[in-house]
Amino acid sequence: MAKATSLDSTQSQEGSGERSINCNGSKGGKEQEEHAPLPQSRESANNDEYATESNYDEIASLAEGLGGISIRTRPCLSILDGVPQAIKSVADLLSSNKCKNIIVLTGAGVSCNAGIPDFRTPGTGLYDNLQKYNLPFPEAVFDLGFFKDNPDPFVQLASELWPGLRHSPTITHSFIALLDKKGMLLRNYTQNIDMLDVLAGVREDKVIECHGHFRTSSCTNCSSAFDGEECKRVIVEEKRAPICRQCGGFVKPDIVFFGESLPSRYHRLVKQDTKKADLLLVMGTSLMVGPVNMIPEMVRKDCPRVLFNRELVGTFLRRNGPRTRSKSCDASAQRDIFHDGDCDNSIRALCALLGWENELDELNLSTHL
């Protein structure tokens, strides 16, 4: 699959040939930029325009005294050389200090590098590998009616995938936690039930687990609450569905099955969040499951939309007509930015540009099981 266009190696060190995208999606030359462009080499950091290593601390201290002006180190040529323009455009957005209310929307693709399969990839997806459970159709493993008749397939799957036992957060999960740590994350809407966002360090109030989670559990018959740790013990150790003490019905974790409503918190916050968002970052999702797949359509028209994914999905790069055939976009003339490929690789390249790579790695390492 083709990658985004690389930077023009003939650009000058001052970046005179570069264009940047502002948070309102408009195009701007150097005279219109809200922040300094990324230099083309470490040598350019020796110019008067940038702080050298020897006086960096002094300048940063002075800047702080003048009102908290942000001074950051600049990436060297080896980092910028060959970086896809789409990723550089996202770096420009994040370094502009204008994106302080970021919505992140994630799907199963962000957890694949943790060893958790997605649902729909032919051959390797979860739905293609459930034959051993003798299901009438793959989705039956998450069907409420089927669970009430035969909970064993779900119990076996849940015992293998229960969060916090075998799978650690990925680089992408750690990046979301880093956005939260830096005060830039408005909300993380995840379609996943693996809880890796929270395990990565994203605060629970910043996460909306659209399809539920394993922390709590309840009866599928009378809806009575059931102790979450006891539910985990019975499913993981005894490999059976817990029984409700109130009515004798089967108990399951509070994840959303087909036939169930999304959590009330999702409906309560999604409209106000999408109105407030100044950047939408969508990663690792097919955008095929509603109503979550409508979030990209709910953000304001001036809110930039970024897609890190293996394929172009939803309405990204559409302009009131057929989707563009381009596999990448530098977003200089529209609000959408798309880069195809592995989410972790895209995030690592982005953090290298921003000077966040060490923080990212330290945070990720601290969450390894």
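**Entry 1: α11 and α12**

I began with helix α11 (residues 343–354) and helix α12 (residues 357–365), whose axes come within 7 Å and cross at roughly 135°. I am working on a predicted model. How do α11 and α12 lie to each other? With that crossing angle they are oblique, because the class of roughly antiparallel needs an angle over 145 degrees.

I listed the residues in contact. α11 brings Ile347, Arg348, Cys351 and Ala352. α12 answers with Glu357, Leu360 and Asp361. I then sorted this contact by class and found four nonpolar, no polar and three charged residues.

**Entry 2: α6 and α11**

Next I took helix α6 (residues 171–181) against α11. The two axes come within 8 Å and cross at roughly 45°. I noted α6 as oblique to α11.

Which residues of α6 meet α11? I found Ile171, Thr172 and Phe175. On the α11 side I found Cys343, Asp344, Ile347, Arg348, Leu350 and Cys351. By class, the contact of α6 with α11 holds six nonpolar residues, one polar and two charged.

I compared the two lists for α11. Ile347, Arg348 and Cys351 are in the contact with α12, and these three are also in the contact with α6.

**Entry 3: α3**

I turned to burial in helix α3 (residues 85–94). How many residues of α3 are buried? I counted 10 of the 10, so α3 is largely enclosed by the rest of the structure.

I checked the names too. The buried residues of α3 include the charged side chains Lys88 and Asp92. Gln85 and Ser89 are buried as well. So are Ala86, Ile87, Val90, Ala91, Leu93 and Leu94.

**Entry 4: aromatic rings**

I looked up ring pairs and got nine aromatic pairs. I picked Phe142 and Phe154 for a closer look. Their ring centres are 6.3 Å apart and their planes stand at 70°, so I logged the pair as edge-to-face.

Where do the two residues lie? Phe142 is in the loop between β3 (102–106) and α4 (144–149). Phe154 is in helix α5 (residues 152–161). The pair therefore ties together parts that are 12 residues apart in sequence.

I checked accessibility for both rings. Phe142 is buried at 8% relative accessibility. Phe154 is buried too, with a relative accessible area of 2%.

I also traced the aromatic cluster that holds this pair. Its members are Phe142, Phe147, Phe154, Phe250 and Phe257.

**Entry 5: cysteines**

I searched for disulfides and the count came to zero. I wanted to know why Cys219 has no bond to Cys247. The sulfur of Cys219 is 3.5 Å from the sulfur of Cys247, its closest cysteine sulfur, and that is too far for a bond, because a disulfide needs the sulfur atoms within 2.5 Å. I ran the check from the other end. For Cys247 the closest cysteine sulfur is in Cys219, again at 3.5 Å and too far for a bond.

Are these cysteines buried or exposed? Cys219 is buried at 4% relative accessibility. Cys247 is partly exposed, with a relative accessible area of 35%.

**Entry 6: the whole chain**

I closed with totals. The protein chain has 12 helices and 11 strands. Of its 369 residues, 53% are buried. I then took the contacts with a separation of 6 or more. Residues 24 or more positions apart account for 68% of those contacts.

Methods:
Residues are numbered from 1 along each chain as its sequence is written. This is a predicted model: local features need pLDDT of at least 70, side-chain atom pairs count only at pLDDT 80 or more; totals for chains, interfaces and linings use all residues. Side-chain values use heavy atoms; hydrogens and water are left out. Buried means under 20% relative accessible area, exposed over 50%, partly exposed in between (1.4 Å probe, protein chains only). Axes are lines fitted to C-alpha atoms, for helices over the stretch in contact, and angles run from 0 to 180 degrees between N-to-C directions. Helices (H or I, at least four residues) and strands (E, at least two) are DSSP runs, numbered from the N terminus. Angles under 35 degrees count as roughly parallel, over 145 as roughly antiparallel, 65 to 115 as roughly perpendicular and the rest as oblique. Contact means heavy atoms within 4.5 Å. Rings of Phe, Tyr and Trp (its six-membered ring) pair if their centres lie within 6.5 Å; planes under 30 degrees apart count as stacked, over 60 as edge-to-face and the rest as tilted.
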